[in-house]
Protein chains: 2
Amino acid sequence: MFTQSEENYLKAIFHLQQDVDGGVSTSSISELLQTKAASVTEMVKKLADKKLVHYQKYYGVHLTESGRAHALTIVRKHRLWECFLVDRLNFNWDEVHEVAEQLEHIKSAKLVEELDKFLEHPLYDPHGDPIPDADGNLPKRFKKKLSELKTGEQGVCKGFKDDSSAFLKFLAKQDIGLGTAIKVLNIEAFDESVTALADQKEISLSKTATNNIYVGN
Amino acid sequence: MFTQSEENYLKAIFHLQQDVDGGVSTSSISELLQTKAASVTEMVKKLADKKLVHYQKYYGVHLTESGRAHALTIVRKHRLWECFLVDRLNFNWDEVHEVAEQLEHIKSAKLVEELDKFLEHPLYDPHGDPIPDADGNLPKRFKKKLSELKTGEQGVCKGFKDDSSAFLKFLAKQDIGLGTAIKVLNIEAFDESVTALADQKEISLSKTATNNIYVGN
DNA sequence: ATAAAGTTTTAGTTTTACCTAAACTTTTAA
DNA sequence: TTAAAAGTTTAGGTAAAACTAAAACTTTAT
Ligand SMILES: [Mn+2]
Ligand SMILES: [Mn+2]
Ligand SMILES: [Mn+2]
Ligand SMILES: [Mn+2]
């Protein structure tokens, strides 16, 4: 159906679309996919020919319904495979992403649905990211950040904006994971760094860190 | 490390090597991989540059130690994934091959070893083909064919030479699978077709069929 | 309003893995 | 033993997906 490269572009555009209101820029795609802007322009034209994106020269792209639907199937596969790796194969949450990047391109409708069944239809992946169902419906995502809590407030860790291996390893070191209860003890006026109680333990988190942690109750 | 295409060539040469004593011919590779002979010649030169095969113009190729080692890792992955699909995801044995052709190229040493552990170190895949261990050691393969049994002899089905979907579906229809006991009742002098008792049921098998079924006791 | 800065597109290359057609080598069989 | 057939390699080309360099366009800042 689609090439691996086309799928990577669709997924990238899907993710970038969530952070902007207008079209997704050539440069943001090239940055995310580690390619040059010129390569993006070329591919984007091909995707437009295939009616997967709307493309206005110089003003970026956005996914068509068909493009979005396909992007969601890739995201679904990526996150299901991450569940499999963590829940069944003893991978750590900070080492599944690169493998899932490969596995998400395996083409077999039956494989995805059987994997989903095998994992008992998980709603969130090991990083708290929602898994689209077979029809492309996304469970709600928690979008309140730890940095938005005031002194004395508390929340339960529901997901992470940055899921780089570096950040995930850092969180693991502080014993923060999905479900960890975090109470804000103090917010430093100077740099907005936070002193917090995470599962009884007192820790200190920079603004950069608190901005990348989603909380709920 | 290696491209998907290079891996497919290595695996093809590995499989073809088992049926011939001299070098593996360009045409046999091109037939197996559904490419043209000219493409094979090109790739084979590249593999020779990388010291994965020995290549003598006009006399075919054979794997070097390094080429064989890598071919074995791909075969290992292919067969482990087939086990996973059949044993854990409810795939039929005749629908796993194409998916395993994709999965065998996923690059992650940890994934292979964890999958092997998860499956409890299987020795044979769903078609009775032996799974190389992490060091590249292959369990013994049964190589006596059903067509070699004489009237009155019996054997237990241990594997299949042809594992095309068509043949596997045919076997399933006759209720023949790994472990099925088969007793030869009669061999037709005319075309060497066999009447046999397979798990109490009387069935008739062509020479083509009996040539593709391996038996042991 | 215009120039500078930044971004995007176009034009021209490269690499990989294929292809066809022609040339060459080996095998076969008259 | 030799000529035809069969198999293989070489030569030259294409398509996909990347790249660089340079031109074109948009945005921003005087
Ligand atoms: Mn991921
Ligand atoms: Mn994830
Ligand atoms: Mn197979
Ligand atoms: Mn098999």
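Donors are N, O and S atoms within 2.8 Å of the metal (3.2 Å for Na, K and Ca); water is not among the atoms, so sites may look incomplete. With that in mind, the donors of the manganese ion (ligand 1) are spaced H-x3-E-x14-H along the chain. This is a predicted model, in which local features need pLDDT of at least 70, side-chain atom pairs count only at pLDDT 80 or more, and totals for chains, interfaces and linings use all residues. Residues are numbered from 1 along each chain as its sequence is written, chains are lettered from A and ligands numbered from 1 in the order in which they are written, and side-chain values use heavy atoms, with hydrogens and water left out.

**Manganese site in chain A**

- His78(A) (NE2), Glu82(A) (OE) and His97(A) (ND1) are the protein donors of the manganese ion (ligand 1), at 1.9 to 2.1 Å.
- Glu82(A) also bridges this ion and the manganese ion (ligand 2); the two ions lie 3.5 Å apart.
- Helix 4 (residues 65-87) of chain A holds both His78(A) and Glu82(A), 4 residues apart, about one turn of the helix. Helices (H or I, at least four residues) and strands (E, at least two) are DSSP runs, numbered from the N terminus.
- His78(A) is buried, at 6% relative accessible area. Glu82(A) is buried too, at 0%. Buried means under 20% relative accessible area, exposed over 50%, partly exposed in between (1.4 Å probe, protein chains only).

**Manganese site in chain B**

- Glu82(B) (OE), Asp125(B) (OD) and His127(B) (ND1) coordinate the manganese ion (ligand 4) at 2.1 to 2.3 Å.
- The donor spacing for ligand 4 is E-x42-D-x1-H.
- Glu82(B) sits in helix 4 (residues 65-87) of chain B, and His127(B) in the loop between helix 6 (109-118) and strand 3 (154-160), so the pair ties together parts that are 45 residues apart in sequence.
- Glu82(B) and His127(B) are both buried.
- Glu82(B) bridges the manganese ions ligand 4 and ligand 3, which lie 3.5 Å apart.

**Chain symmetry**

- Chain B superposes on chain A by a rotation of 180° with 0.0 Å of shift along the axis (RMSD 0.1 Å). The two copies are thus related as by a two-fold rotation axis.
- Copies are superposed by least squares on the C-alpha atoms of residues with pLDDT of at least 70 in both.
- Leu103(B) comes closest to the axis of the residues of chain B, at 3.8 Å (C-alpha).

**DNA strand C**

- Among 22 residues around DNA strand C, the nearest are Tyr55(A), Lys57(A), Thr3(B), Ser39(B) and Lys46(B). Near means that a heavy atom of the residue lies within 4 Å of the strand.
- Sugar and phosphate make up 82% of the strand C atoms within 4 Å of the protein.
- A side-chain N or O atom of Tyr55(A) is 2.3 Å from a phosphate oxygen of strand C. For Lys57(A), the corresponding distance is 2.7 Å.
- Helix 3 of chain B gives the most to the surface near strand C, with 5 residues.

**DNA strand D**

- Ser39(A), Lys46(A), Ser27(B), Tyr55(B) and Lys57(B) come nearest of the 22 residues around DNA strand D. Here sugar and phosphate account for 79% of the strand D atoms within 4 Å of the protein.
- Phosphate oxygens of strand D lie 2.6 Å from a polar side-chain atom of Ser39(A) and 2.4 Å from one of Tyr55(B).
- A base nitrogen of strand D is 3.4 Å from a side-chain N or O atom of Glu42(A).

Conventions. A polar contact is a pair of N or O atoms within 3.5 Å; within protein, one must be able to donate a hydrogen and the other to accept it, and residues adjacent in sequence count only if both atoms are side-chain atoms.
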